[in-house]
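Visitor: Could you take me through the salt bridges here, with a close look at one spot where charged side chains meet? I'd like to hear how exposed the partners are, too.

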Amino acid sequence: MKYLVTGGAGYVGSVVAQHLLEAGHEVTVLDNLSTGFREGVPAGAVFVEGDIRDAAKWLDPSFDGVLHFAAFSQVGESVVKPEKYWDNNVGGTLALLAAMREAGVRKLVFSSTAATYGEPEQVPIPENAPTKPTSPYGASKLAVDHMITGQAVAHGLAAVSLRYFNVAGAYGAYGERHDPESHLIPLVLQVAQGRRDAISVYGDDYPTPDGTCVRDYIHVADLADAHLLALRAAAPGEHLICNLGNGNGFSVRQVIETVREVTGHPIPEVVAPRRGGDPAVLVASADTARERLGWNPARADLAGIVADAWEFTQRIAKEH
């Protein structure tokens, strides 16, 4: 099979592209490198440097499907630059869907997010929970989900949206290196490396066992497995939405303590005020992914996730 991977030079896209290659598929990566890295494109993939708005230049009937990761994803930035997120995440995807229709490519796996839910009313969060995003980023992803539903009904698109919770870890040569970095595990690892003096803990008075926010962490390789299963499960005329998470949560302080144990480094903490829009607990119900995709995360151990991320972080530091 032959697949187009948009945003395949980024963190999750590169790991999924590598998994596709290992499964024997042909892969073309389309990325404008605005946030991705050229060295993140797996060997064996065809690389096209370009924008998703121009996908029609490269998409043709020889492709069996598209896996769509190309999006801006900084929640804080989306609040101060909402137009950037509507333009790229929504406008860019609209152009991509038009290119797919024109080329007769009828299968799509979309990188969605738990940010579509906002402040949850129940935990673990099921897919039928109310969607009330608290940022333009989450709203832009939800808008795309609505667009995809319409495409499935009107044009027979076979589509699966995967709503990620907190993705972490690394897979071989592919891992997390956002700039700026906003994710907890890489930030704590930067403290272990000596690149930061301390880790900020935003709020220690939440209604959780240790007062800090609880999040559901999923290994990026487990996430990639779900994308390959989604390609098999996608059915014409249906838009299937699945949460991806382990179904259990770890607090900010549990993550920090795990990094201390894995790296052997002291991690100083500084308690800072709560950030607006940070729910106390975000944990996924992944029952739909298990039932419809046959997906079961195999790397749910937090120490293992941190160890993989630490190994990747050290390798990148040596290379640069």
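Guide: Let's start with Glu269, which comes out as partly exposed, with 28% relative accessibility. Keep in mind that this is a predicted model. The partner to look for is Arg260: the two side chains form a salt bridge, 3.1 Å from N to O. Arg260 is partly exposed as well, at 23% relative accessibility, so it sits above the 20% under which a residue would count as buried. The pair also belongs to something wider, since salt bridges with shared partners link Arg253, Glu257, Arg260 and Glu269 into one network.

Now for the rest of the picture. The count of salt bridges comes to 15, and among them is the one between Asp87 and Arg53, with the closest N and O atoms 2.8 Å apart. Asp87 sits in helix 3 (residues 82-103), while Arg53 is in the loop between strand 3 (46-49) and strand 4 (65-68), so this contact ties together parts 34 residues apart in sequence. As for exposure, Asp87 is partly exposed at 45% relative accessibility, and Arg53 is partly exposed at 33%.

One more to click on is Lys132 with Glu121, where the closest N and O atoms are 3.0 Å apart. Both residues lie in the loop between strand 5 (107-113) and helix 4 (136-155), so here the salt bridge ties together parts 11 residues apart in sequence. Glu121 is exposed, its relative accessible area being 59%, which puts it over the 50% cut-off.

Definitions and conventions
Residues numbered from 1 in each chain as written. Predicted model: local features only at pLDDT ≥ 70, side-chain atom pairs only at ≥ 80, totals over all residues. Heavy atoms only, no water. Salt bridge = Lys/Arg side-chain N within 4 Å of Asp/Glu carboxyl O. Helix = DSSP H or I, 4+ residues; strand = E, 2+ residues; numbered from the N terminus. Buried < 20%, exposed > 50% of the residue type's maximum accessible area, 1.4 Å probe, protein only.
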